[in-house]
Amino acid sequence: MENEIFNETKVSKAYLRLSVPLVFSMVVTLIYNLADTFFVAQTNDTNLVAGVSLGMPLFTLLMAVGNIFGQGGSSLISRLLGQRDETGVRHASSFCFYITIIAGVIIAAVMLMFRVPILYLIGASEETFSHASDYYVYLAAGAPVIMLSFIHSNLLRSEGMSKGSMTGTITGAVVNIVLDPVFISVLGLGAGGAAIATVIGYICSDVYFAVIVAKKSRVLSIRPSEIAIPADYILQILGIGVPAAIVNVMQSVSVVLMNQFLLPFGNDKIAAMGIVLKVSMIALLLLTGFAFGGQPLFGYYYGAGDKKKLSELFRFCMRFISIIALVLTAVIFIFAPFLMRCFMDNDGIVSDGTVMLRWQVITMVFVGMVLLFTIIFQSTGKIVGSFILSVSRQGIVFLIVFAVAYHVAGYTGILATQAIADILTAGIAALLFYKQVYREFR
């Protein structure tokens, strides 16, 4: 176990050692997401692009369920490591591994059984249904392996093995990128080919993670004999994991909602928004990586009762993440037209997408604050604060703002909703931190 990273005297150095590999893996994940969109967009078929874009909320849903046990387990394990309870770590990690496989099989069966109504629910039209269905079927069938990848990518970082987590993620992403043009264009499988490449990539990641846990980890386990855990462990995993998953579910809900309200304006708008959401992931994934990079440290220091290092880590992260967010916002805002045209050389898509993209990234500094506060609540086991933030930014706050903004400004209101929700949620996050956590950092 790489405990020396947690006992590093300089907190900022320990943070960068954990966060940089995570950010790098997220950059590669970003490249694979953009490559996926790029190869689909090269068909110049707006309906195909829209069909694949409609599948994004479903992928986000699978990620959400995986993160119930990935992030929930990671939070518990970080605190257990701080308390030197390695037996508890082994049982918690084995439980998360096997319960995710079971949940994945159940979800795959439900998704395939209710394919048609779900596709129409997420915004498929007669023109996009066949493409969306092709993507959906393979994605649903691969649900267990997709969800499983989020377990050890999180748990390995809790042990300090951030580089191992990075390598596993990159392995799957590279396989996906290589296979995308083969399945989409060479074999002519279109949207279905994109999904097949995605699933195969995640299978490769899962195999790599299983080998690393079996060969190199000193405390994580995938032994069935160690699956049993105390009831309070399950409550702690679910108490943190479910709010973390709600973030992803709310992401799906917000995308579905926008697609439904954009539908009357034409499939071009949905296609543009699909590309915009992928491009805006540049900022979001980088900020998420830097925020999540501190999670093992926050959990470990909290479990060990080290208030001095907790306070030092918080101050450093707040400054660092805010600077990164401002730089990303400026770059994407300036180069928005160029970024859109990289994916689809269509004047209408570029024009619509440029406006959409600028609205999506203009408040990234507030998003960075929300992410950091959310990670702190998760790492310290603060279930109430974590839950409130999980249902805010793209949940309750988003829905309220959406209803008002659409009524007041119509199409422009749809585009401005996320920015307004980001600012309001950042205010809520700061207030919750002051009320629930601040005294424990002093």
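**Exercise 1. In this predicted model, decide whether Phe150 is buried or exposed, and then classify its ring pair with Tyr202.**

Solution. Phe150 has a relative accessibility of 12% and therefore counts as buried, since buried means under 20% relative accessible area. Its partner Tyr202 is buried as well, with a relative accessible area of 12%. The next step is the geometry of the two rings: the centres of Phe150 and Tyr202 lie 6.2 Å apart and the planes meet at 40 degrees, so the pair is tilted. Finally, the positions in the chain show that distant parts are linked, with Phe150 in helix 7 (residues 143-158) and Tyr202 in helix 9 (residues 190-215), 52 residues apart.

**Exercise 2. Determine how many aromatic pairs the structure holds, and describe the pair formed by Tyr15 and Phe316.**

Solution. The structure holds 16 aromatic pairs. In the pair of Tyr15 and Phe316, the centres are 5.5 Å apart and the angle between the planes is 75 degrees, which makes the arrangement edge-to-face, because planes over 60 degrees apart count as such. Tyr15 belongs to helix 1 (residues 11-41) and Phe316 to helix 13 (residues 307-334), so the contact ties together parts that are 301 residues apart in sequence. Both Tyr15 and Phe316 are buried. Widening the view, ring pairs link Tyr15 and Phe316 with Phe290 and Phe320 into a cluster.

**Exercise 3. Establish which residues make the nonpolar surface patch of about 610 Å², and which helix gives the largest share of that patch.**

Solution. The patch is made by Ile323, Val327, Val331, Ile334, Phe335 and Phe338. Helix 13 supplies the largest share, namely four residues. Phe335, by contrast, lies in the loop between helix 13 and helix 14 (336-343), where Phe335 is partly exposed with a relative accessible area of 45%.

**Exercise 4. Count the salt bridges, and locate the partners in the bridges of Glu226 with Arg90, Lys269 with Asp352 and Arg393 with Asp422.**

Solution. The count comes to four salt bridges. In one of them the side chains of Glu226 and Arg90 meet at 3.1 Å, N to O; Glu226 lies in the loop between helix 9 and helix 10 (231-262) and Arg90 in helix 4, 136 residues apart, and both Glu226 and Arg90 are buried. Another joins Lys269 and Asp352 at 3.2 Å, N to O, and it links helix 11 (residues 267-293), which holds Lys269, to helix 15 (residues 347-361), which holds Asp352, across 83 residues. Lys269 has a relative accessible area of 16% and is buried. Between Arg393 and Asp422 the closest N and O atoms are 2.6 Å apart; Arg393 is in helix 18 (residues 392-409) and Asp422 in helix 19 (residues 411-436), so this bridge ties together parts that are 29 residues apart in sequence. Arg393 and Asp422 are both buried.

**Exercise 5. Explain what sets the backbone of Arg84 apart, and state where Arg84 lies.**

Solution. Most residues other than glycine have a negative phi. Arg84 is not a glycine, yet its phi is positive, at about 65 degrees. Arg84 is found in the loop between helix 3 (56-82) and helix 4 (86-113), and with 53% relative accessibility Arg84 counts as exposed.

**Exercise 6. Place Gln295 in its helix and list the residues that Gln295 touches.**

Solution. Gln295 lies in helix 12 (residues 295-304), and at 4% relative accessibility Gln295 counts as buried. Leaving aside residues up to four places away in sequence, Gln295 touches Ser74, Ser75, Ser78, Ser158, Ile375 and Ser379.

How values were computed
Residues are numbered from 1 along each chain as its sequence is written. This is a predicted model: local features need pLDDT of at least 70, side-chain atom pairs count only at pLDDT 80 or more; totals for chains, interfaces and linings use all residues. Side-chain values use heavy atoms; hydrogens and water are left out. Rings of Phe, Tyr and Trp (its six-membered ring) pair if their centres lie within 6.5 Å; planes under 30 degrees apart count as stacked, over 60 as edge-to-face and the rest as tilted. Helices (H or I, at least four residues) and strands (E, at least two) are DSSP runs, numbered from the N terminus. Buried means under 20% relative accessible area, exposed over 50%, partly exposed in between (1.4 Å probe, protein chains only). Patches are made of residues with over 30% relative accessible area and no salt bridge: like charges are joined within 9 Å, nonpolar side chains (Val, Leu, Ile, Met, Phe, Trp, Tyr) within 5 Å. Accessible areas come from the Shrake-Rupley method with a 1.4 Å probe; for residues, only the protein chains shown count as cover. Contact means heavy atoms within 4.5 Å.
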